Amino acid sequence: DRSIKIAPSILSADFAAFGQEIEAIEAQGADWVHVDVMDGHFVPNLTFGPAMCKAIRPHITTVMDVHLMISPVDPYIEAFAEAGADIITAHVEAGPHIHRTLQAIRGAGAKAGVALNPGTPAEHVAHLLDMIDLVCVMTVNPGFGGQKFIHSQVEKVRRLREMIGDRPVHIEVDGGVDPSTAPLVAAAGADALVAGSAVFKGGSVGDPAPYGRNIRAI
Ligand code: DX5
Ligand code: ZN
């Protein structure tokens with residue numbers, strides 16, 4: 001389906017060459033650029049912060065889709081918005097006041113997303129649907145690229161599609177998306193697919209040609 005956005009996660013790109021890697025994936029069909037921010041506290045890994053987002057911003061002509069796997073979230077929203085994030089997604093599990101967090105994201109001028117870990121039911125966002133632009137269904141436990149897709153989450157995507165109705169809310173799926181799992185979540189109603197290892201595998205800064213083939217295969 002042509003209306004499905006492909007959002008490569010630069011977590012699987014060459015960290016020493018983000019600018020070139022981003023330009024390559026955009027030239028080869030990426031719709032959004034997915035940036036995985038991890039704090040070593042909410043998830044057991046560390047990645048990057050607002051300064052890195054600001055540095056890559058000039059290389060992005062599509063959409064900077066920032067996925068915050070951090071807790072707390074609120075003290076950093078302004079910094080990520082100023083760094084040029086178009087979409088800022090916070091986890092519903094990241095703190096007791098997700099409603100306030102989502103208000104702050106929109107207040108800072110970005111689109112607001114809410115992410116759900118695999119163990120969190122769809123119903124946890126039922127009262128947030130009118131204040132978000134995106135819901136992200138994690139199909140792995142967040143923290144690392146290259147993990148195995150958790151099939152029980154396909155039903156969650158279907159349930160969210162029903163709950164969202166005709167609201168203009170994207171359903172993004174993140175984790176283990178590849179040519180075998182993408183059709184399952186697309187059929188269930190997802191319209192934005194994050195893919196890290198499946199996009200970057202087989203290519204390199206020196207030879208990014210496989211990125212385009214990998215994107216088209218998803
Ligand atoms: C996981 C991240 C994902 C990850 C996806 O914590 O949120 O965006 O990079 O990587 P793959 O596609 O390799 O599962
Ligand atoms: Zn992500």
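Here are some friendly notes on this predicted model, going from the ligand outwards to the strands and the core.

1. **The shell around ligand 1.** A good place to start is the ligand, which has 22 residues around it. The closest of these are Ser9, Pro142, Gly145, Gly196 and Ser197. By type, the shell holds 12 polar residues, eight nonpolar ones and two charged ones. Three elements each contribute at least two residues to the shell: strand β2 (33–38), strand β8 (192–195) and helix α7 (197–200).

2. **What the record says about binding.** The unreviewed UniProt entry gives "binding site" for a set of positions, among them Ser9, His67, Asp174 and Ser197. The glycines Gly143, Gly145, Gly146, Gly175, Gly176 and Gly196 are listed there too, as is Phe144. Among the residues closest to ligand 1 in the model are Ser9, Gly145, Gly196 and Ser197, and the record includes these four under "binding site".

3. **The two annotated aspartates.** Under "active site", the unreviewed UniProt entry covers Asp36 and Asp174. The pair is spread over 139 residues of sequence, yet clusters in space, with a largest C-alpha distance of 10.4 Å. Asp36 belongs to strand β2, while Asp174 sits in strand β7 (residues 170–174).

4. **Are these aspartates buried or exposed?** Asp36 counts as buried because it has 24 C-beta neighbours inside 10 Å, where 20 or more are needed. Asp174 is buried as well, since 27 other C-beta atoms lie within 10 Å.

5. **His67 as a meeting point.** His67 lies in strand β3 (residues 64–69) and is buried, because 28 other C-beta atoms are found within 10 Å. Setting aside neighbours within four places in sequence, the contacts of His67 include both Asp36 and Asp174. His34, Val35, Val37, Thr89, Ala115 and Cys136 are also in contact with His67. Seen from the other side, and with the same sequence neighbours left out, Asp174 touches His67, Cys136, Met138, Thr139 and Val194. Asp36, counted likewise, is in contact with Ser9, Leu11, Thr47, His67 and Met69.

6. **Strand β3 and its partner.** All six residues of β3 are buried. In one direction point Met64, Val66 and Leu68; in the other, Asp65, His67 and Met69. That pattern fits a general rule: in a regular strand, side chains alternate between the two faces of the sheet. β3 pairs with β2 in the parallel sense, over six bridges, and Met38 stands opposite Met69 in β3.

7. **The nonpolar core.** The largest nonpolar core has 70 residues, and Val66, Ala85, Ile88, Val135 and Leu193 touch the most other members. Strand β6 (residues 134–138) provides the largest share of this core, five residues. Ala85 is worth a look in your viewer: beyond neighbours within four places in sequence, Ala85 is in contact with Cys53, Met64, Val66, Phe80 and Ala110. Two of these contacts, Met64 and Val66, point the same way from β3. As a general background, nonpolar side chains tend to be buried together in soluble globular proteins.

Terms used: Residues are numbered from 1 along each chain as its sequence is written. Chains are lettered from A and ligands numbered from 1 in the order in which they are written. This is a predicted model: local features need pLDDT of at least 70, side-chain atom pairs count only at pLDDT 80 or more; totals for chains, interfaces and linings use all residues. A residue is near a molecule or strand if its C-beta atom, placed from the backbone, lies within 6 Å of it. Helices (H or I, at least four residues) and strands (E, at least two) are DSSP runs, numbered from the N terminus. Ala, Val, Leu, Ile, Met, Phe, Trp, Tyr, Cys and Pro count as nonpolar, Asp, Glu, Lys and Arg as charged, and the others, Gly among them, as polar. UniProt positions are given in the numbering used here, feature names are shortened, and annotations may be inferred rather than shown by experiment. A residue is buried if 20 or more other C-beta atoms lie within 10 Å of its own, exposed if 12 or fewer, and partly exposed in between; C-beta atoms are placed from the backbone. Two residues are in contact if their C-beta atoms, placed from the backbone, lie within 7 Å. A nonpolar core is a set of buried Ala, Val, Leu, Ile, Met, Phe, Trp, Tyr and Cys residues joined through C-beta atoms within 7 Å. Two strands pair if DSSP finds at least two bridges between them.
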